[in-house]
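Me: I am new to this structure and should like to understand the reasoning behind its description. Please take me through the terms and show how each is justified.

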Amino acid sequence: SLTSENEEEPNFKAKTEHLLQTAVKEIRSLSHALIAPALAKTSLKELFSALLNTIRTTAGFNVHADITIPQENKIPDEMKLSIYRIVQEQLSNIQKYARAKNVYVQLLQEDDELKLAIKDDGVGFAQSKKSAGVGLLNIRTKAPLFKGKVNILSSEGEGCEVKVIFPI
């Protein structure tokens, strides 16, 4: 009986892995299908304005934004979605952990780069712990999809700054 269980286990694992991969693909496909039309019709500035206005009313901190994108047509919709998700993720991190009073979101298009910076004046964290959080891990995995470089700066009591630079 022990032998038959061992023979079935690899097959079970393979089936489970296949089902999970299929589910992830379907969720991604649905997410892109739902957000892509909104991105095609709405500028990043408008999308961020809506997101930041929602955060302003619910989060308990002030949000200051500087969004300057003179040639948004150079930015693919998939990259826009990734940038939006990064900002959403970091704002969620700030809301959950930072105890910040002010958050600064800057998205600037300069020459052939798109520069994103999200900075807060919250409690911060020790640099040795910076990769521990799922939210920061999500940011670190989204940015490289579009050759983005991530830099996270923080220390205890000094807030946090997430910077991402994308080539366009």
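The exchange below takes up the sheet, the helices, the salt bridges and the unusual backbone angles of this predicted model.

Me: What makes E1 and E4 edge strands of the sheet?

Reply: The open sheet has five strands in the order E1-E2-E3-E5-E4, and its pairing is mixed. Strand E1 (62–68) and strand E4 (149–154) each have a single partner strand, so one side of each has no neighbour in the sheet. From one strand to the next, the twist averages 10°.

Me: How do you know that E2 and E3 pair, and in which sense?

Reply: Two strands pair if at least two bridges are found between them. Strand E2 (residues 102–110) and strand E3 (residues 113–120) are joined over eight bridges, so they satisfy that condition, and the sense is antiparallel. Within this pairing, Leu 108 stands opposite Lys 115 in E3.

Me: What makes E4 and E5 a pair?

Reply: The requirement is again at least two bridges. E4 and E5 have six bridges and therefore count as paired, in the antiparallel sense. Ser 154 has Cys 160 in E5 as its bridge partner. The hairpin of E4 and E5 has five residues between the strands, and there Gly 157 takes a positive phi near 80°.

Me: Which helices lie on the sheet, and which strands do they meet?

Reply: Helix H3 (residues 77–98) packs on the sheet, where it touches E2, E3 and strand E5 (160–167). The direction of H3 makes about 10° with that of E3. Helix H4 (residues 134–142) lies across E4 and E5 and runs at about 150° to E4.

Me: Why is Ser 82 called buried?

Reply: Buried means under 20% relative accessible area. Ser 82 has 7% relative accessibility, so it counts as buried. This residue lies in helix H3. Leaving aside residues up to four places away in sequence, Ser 82 touches Lys 142 and Phe 146.

Me: How do you know that the buried residues of H2 line one face of the helix?

Reply: The buried residues of H2 are Leu 44, Leu 47, Phe 48, Leu 51, Leu 52 and Ile 55. Viewed down the axis of H2, they fall within an arc of 120°, so they line one face of the helix. Helix H2 (residues 44–58) has 15 residues and spans 21 Å from its first C-alpha to its last, close to the 21 Å expected. Just after H2, Gly 60 takes a positive phi of about 85°.

Me: Why is the contact between Glu 72 and Lys 80 called a salt bridge?

Reply: Side chains of opposite charge can pair when their charged atoms come close. The cut-off between the nitrogen and the carboxyl oxygen is 4 Å. The closest N and O atoms of Glu 72 and Lys 80 are 3.0 Å apart, so the pair qualifies. Both of these residues are buried. Glu 72, Asp 77 and Lys 80 are linked in a network of salt bridges. The whole structure contains four salt bridges.

Me: What makes the contacts of Lys 115 with Glu 110 and Glu 113 salt bridges?

Reply: For Glu 110 and Lys 115 the N to O distance is 2.9 Å, which is within 4 Å, and the pair therefore counts. For Glu 113 and Lys 115 the distance is 3.9 Å, so this pair also falls within 4 Å.

Me: Why are Glu 110, Glu 113 and Lys 115 called partly exposed?

Reply: Partly exposed is the range between under 20% and over 50%. Glu 110 at 35% belongs in that range, as does Glu 113 at 30%. Lys 115, with a relative accessible area of 29%, is likewise partly exposed.

Me: What makes the phi of Asp 111 and that of Lys 147 worth noting?

Reply: Most residues other than glycine have a negative phi. Asp 111 is not a glycine, yet its phi is positive, about 50°. Lys 147, also a residue other than glycine, has a positive phi near 60°. Asp 111 is found in the loop between E2 and E3, and Lys 147 in the loop between H4 and E4.

Me: Why are Asp 111 and Lys 147 called exposed?

Reply: Exposed means over 50% relative accessible area. Asp 111 has 71% and so is exposed. Lys 147 has 63% and is therefore exposed.

Note on methods. Residues numbered from 1 in each chain as written. Predicted model: local features only at pLDDT ≥ 70, side-chain atom pairs only at ≥ 80, totals over all residues. Heavy atoms only, no water. Salt bridge = Lys/Arg side-chain N within 4 Å of Asp/Glu carboxyl O. Buried < 20%, exposed > 50% of the residue type's maximum accessible area, 1.4 Å probe, protein only. Helix = DSSP H or I, 4+ residues; strand = E, 2+ residues; numbered from the N terminus. Expected span 1.5 Å × (residues − 1). Arc of directions from axis to C-beta. Axes fitted to C-alpha atoms, helices over the stretch in contact; angles between N-to-C directions. Contact = heavy atoms within 4.5 Å.
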